[in-house]
Each structure stands twice: as C-alpha cells, then as structure tokens.
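Colleague: Could you take me through the enclosed spaces in this model, with some care over what lines them and over any strands that contribute?

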Amino acid sequence: SRIDLGANLTITDDFNLTGETMILSGTSTLDGGAITLNNVNSLIQVTAACTIDNNLTFSANSATGKGLDITNSCTISGDLSTSANVIIEIDASQTLTYSGAAFAIAANTLNLLGTGTLNNSANAITFSTGTLDIDGSLTISGDITISGSATFDIAASKTLTYSGDEIDVGANTLSIDGTGTITNSNNINLN
C-alpha cells in the first residue's frame, strides 16, 4: 500500500501490517492506532520527510530487505517496541530521528544497515542480553544502555560511529564481535 502524506492522516484503529509493504511518500504526519509488523515480510518504507506518531511494534523477525527502510529523513515520535529481531536500514545522508520512549531490544537483535544516522537523543536504545548487529557504516547519536550480557557485532570494513553518552557495562558483559570498528565520543566503562 502506498500512502501519500500530502496532508495529515489519522488511522484510528490498531492494525497488523501482515506481509504487506506500507510506503509513506508524503511530508505530513501519520498518527493514530498502533501498527504491528507481525510478519517476516512486513515493511514500512519512508520515501519523504514525514512524521510517524503511531506506535510501531515488531512481533515477527524481519526478513532480509524488510522491517523499516528509511530512504528519506523522517521522525518517529511514537514508541518503538519489539519482541522479535528487527532490521532498520537508513540510507546515506538520511536521518531517522526517534523521539519515542526508550527502545528496549531486550534479548533480541537490532540489525542496522545503511550509512545514515539514527538520532535517538530523546531516549536510549536498551539491551539486556540482546545484540546490536551493525552491517553498515552508520552513526548512532543517542544513548545505548546495557543491563545484561549484550553483544555488538560490527561487520568487516564497517564502522559504527557512536556519539551518545558513556556506555556503562558495569558488572555485565559486553562482547564486541566482528572485525569492524566502533568509534565512540565517550567512554565504554568496564568494571
């Protein structure tokens, strides 16, 4: 389904995206009921600088090329939540600004692709025993917090540029896998 947000659109009911693709091609605001990506083939593709006020829930693992595809800078002000492995791709020179509640990955995997920027400066991305899987050279310009034994997996020849607050591992374990690079502006504190 293609939704051209030439004007604000409110969807009053919650709905499941199933295995469909929702393409947001206008510059206005989508809000209303929660949208659940409940199928491996669910895809929301943003092709214009819109705002998504809906809560987005990932309840099925994202298949390759599915999940959330940001081809133009946009803002998600609704909450992101997941009980599955999520793929988010942010194209070069584009920014996904996330201002919802903390995005709790828990024990799941957040796979980030592309070379854009995830600006989550309003709230942290939180991990307990989950994995941050970096398969593109991109920037995270908000906080990451860890409350368990988490993993950062950075693919070969890729760089994660992290400009959020210090990552306090505390008494937990942070495994850094892959042969890529993490460039951080602040400390990663180990106890």
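Modeller: What follows describes the cavities and then the sheet that shares a residue with one of them.

The model is a predicted one, and a search of the whole structure finds 2 cavities of 30 Å³ or more. The largest cavity holds about 40 Å³ of space, and the residues that line it are L80, I88, L96, Y98, F103, L118, N120 and I125. Sorted by class, this lining consists of 7 nonpolar residues and 1 polar residue, with no charged residues.

The second largest cavity holds about 30 Å³, and its lining is made up of G65, K66, L68, D69, I87, E89 and L113. Here the classes are 3 nonpolar, 1 polar and 3 charged residues. Two strands, β10 (67-70) and β13 (86-90), each supply at least two residues of that lining.

L80, which lines the largest cavity, also belongs to β12, where L56 stands opposite L80. Strand β9, residues 56-58, is joined to β12 by 3 bridges, and the two run parallel. Both strands are part of an open sheet of 4 strands, ordered β3-β6-β9-β12, in which the pairing is parallel. At the edges of this sheet stand β3 (15-16) and β12 (80-82), each of which has a single partner strand, so one side of each is left without a neighbour in the sheet. Thus L80 is found both in the lining of the largest cavity and in a strand at an edge of the sheet.

Conventions. Residues are numbered from 1 along each chain as its sequence is written. This is a predicted model: local features need pLDDT of at least 70, side-chain atom pairs count only at pLDDT 80 or more; totals for chains, interfaces and linings use all residues. Side-chain values use heavy atoms; hydrogens and water are left out. On a 1 Å grid over the protein atoms alone, a cavity is a set of points where a 1.4 Å probe fits but cannot get out, and a pocket is an open set with protein on both sides within 12 Å along at least five of seven lines; lining residues have an atom within 4 Å of a point. Grid points are joined across faces, edges and corners, and a volume is the space filled by probe spheres set on the points. Ala, Val, Leu, Ile, Met, Phe, Trp, Tyr, Cys and Pro count as nonpolar, Asp, Glu, Lys and Arg as charged, and the others, Gly among them, as polar. Two strands pair if DSSP finds at least two bridges between them.
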